[in-house]
Amino acid sequence: MTDQGQYYQPQNQPSGPPGAGPGTGAGAGGRTKRPVSVGQILGGLLFVLVIIFIIENSRKVKIRLIIPEVKAPLYVAILIAAVLGSVITWLLRYRRHRNHPPKS
């Protein structure tokens, strides 16, 4: 039986919170697990969706940028748009961090 808020610990098991055993936590080589943020999860899902979208749309299309017109697979246009979008996002994030350094 267990008391309220207490974990059952067999006699041959080390004490501590569940899941904490040898080789876990900061004691194992001084490293701790880094949490994954919601933004990283959403970014990964978006990346997978872009890859699926690129694979599904591989036919040739006309791409026109100001004056030149070229025929290329649609995934090239999608890939260029995705890369430009990520570069713009990175530049905006860099600008925000440069103008507003974190307070320590």
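**View 1. Ile51 sits in helix α1.**
Let's start with one residue in this predicted model. Partly exposed is the label for Ile51, because its relative accessible area is 33%, and that falls between the 20% and 50% cut-offs. Ile51 also has company: together with Phe47, Val48, Leu49, Ile52 and Ile55, Ile51 makes a nonpolar surface patch. That patch covers about 590 Å².

**View 2. Ile55 is another member of that nonpolar patch.**
Stay in helix α1, where Ile55 has its place. Is Ile55 buried or exposed? Ile55 counts as exposed, because its relative accessibility is 60% and the cut-off for exposed is over 50%. Now look across to Leu74: Ile55 and Leu74 are 19 residues apart in sequence, yet their C-alpha atoms are 9.5 Å apart in space.

**View 3. Ile63 brings us to strand β1.**
This strand spans residues 60–64. Ile63 counts as partly exposed, because its relative accessibility comes to 24%. Leu74 turns up again here, eleven residues away from Ile63 along the chain. From C-alpha to C-alpha, Ile63 and Leu74 are separated by 8.6 Å.

**View 4. Val50 belongs to helix α1 and has Ala82 across from it at 8.1 Å.**
That distance runs between C-alpha atoms, and the two residues are 32 apart in sequence. How accessible is Val50? Its relative accessibility is 25%, so Val50 counts as partly exposed. Keep Ala82 in mind, as this residue comes back in the next view: Ala82 is among the residues closest to the centre of the largest pocket.

**View 5. The largest pocket holds about 320 Å³ of space.**
Thirteen residues line this pocket, and the closest to its centre are Gly43, Leu46, Phe47, Ala82 and Ser86. Which elements give two or more residues to the lining? They are α1 (38–56) and α2 (74–99). Helix α2 gives the most, with seven residues. As for character, the lining divides into eight nonpolar residues, four polar ones and one charged. Phe47 is a name to look for twice: Phe47 is one of the residues closest to the pocket centre, and Phe47 is also part of the nonpolar surface patch.

**View 6. Stepping back, the protein has two helices and two strands.**
In what order do the elements come from the N terminus on? They run α-β-β-α. Of the protein's 104 residues, 7% count as buried. The residues picked out above can now be put back in place: Val50 is in α1, and so are Ile51 and Ile55, while Ile63 is in β1.

Definitions and conventions
Residues are numbered from 1 along each chain as its sequence is written. This is a predicted model: local features need pLDDT of at least 70, side-chain atom pairs count only at pLDDT 80 or more; totals for chains, interfaces and linings use all residues. Side-chain values use heavy atoms; hydrogens and water are left out. On a 1 Å grid over the protein atoms alone, a cavity is a set of points where a 1.4 Å probe fits but cannot get out, and a pocket is an open set with protein on both sides within 12 Å along at least five of seven lines; lining residues have an atom within 4 Å of a point. Grid points are joined across faces, edges and corners, and a volume is the space filled by probe spheres set on the points. Helices (H or I, at least four residues) and strands (E, at least two) are DSSP runs, numbered from the N terminus. Ala, Val, Leu, Ile, Met, Phe, Trp, Tyr, Cys and Pro count as nonpolar, Asp, Glu, Lys and Arg as charged, and the others, Gly among them, as polar. Patches are made of residues with over 30% relative accessible area and no salt bridge: like charges are joined within 9 Å, nonpolar side chains (Val, Leu, Ile, Met, Phe, Trp, Tyr) within 5 Å. Accessible areas come from the Shrake-Rupley method with a 1.4 Å probe; for residues, only the protein chains shown count as cover. A salt bridge is a side-chain nitrogen of Lys or Arg within 4 Å of a carboxyl oxygen of Asp or Glu. Buried means under 20% relative accessible area, exposed over 50%, partly exposed in between (1.4 Å probe, protein chains only).
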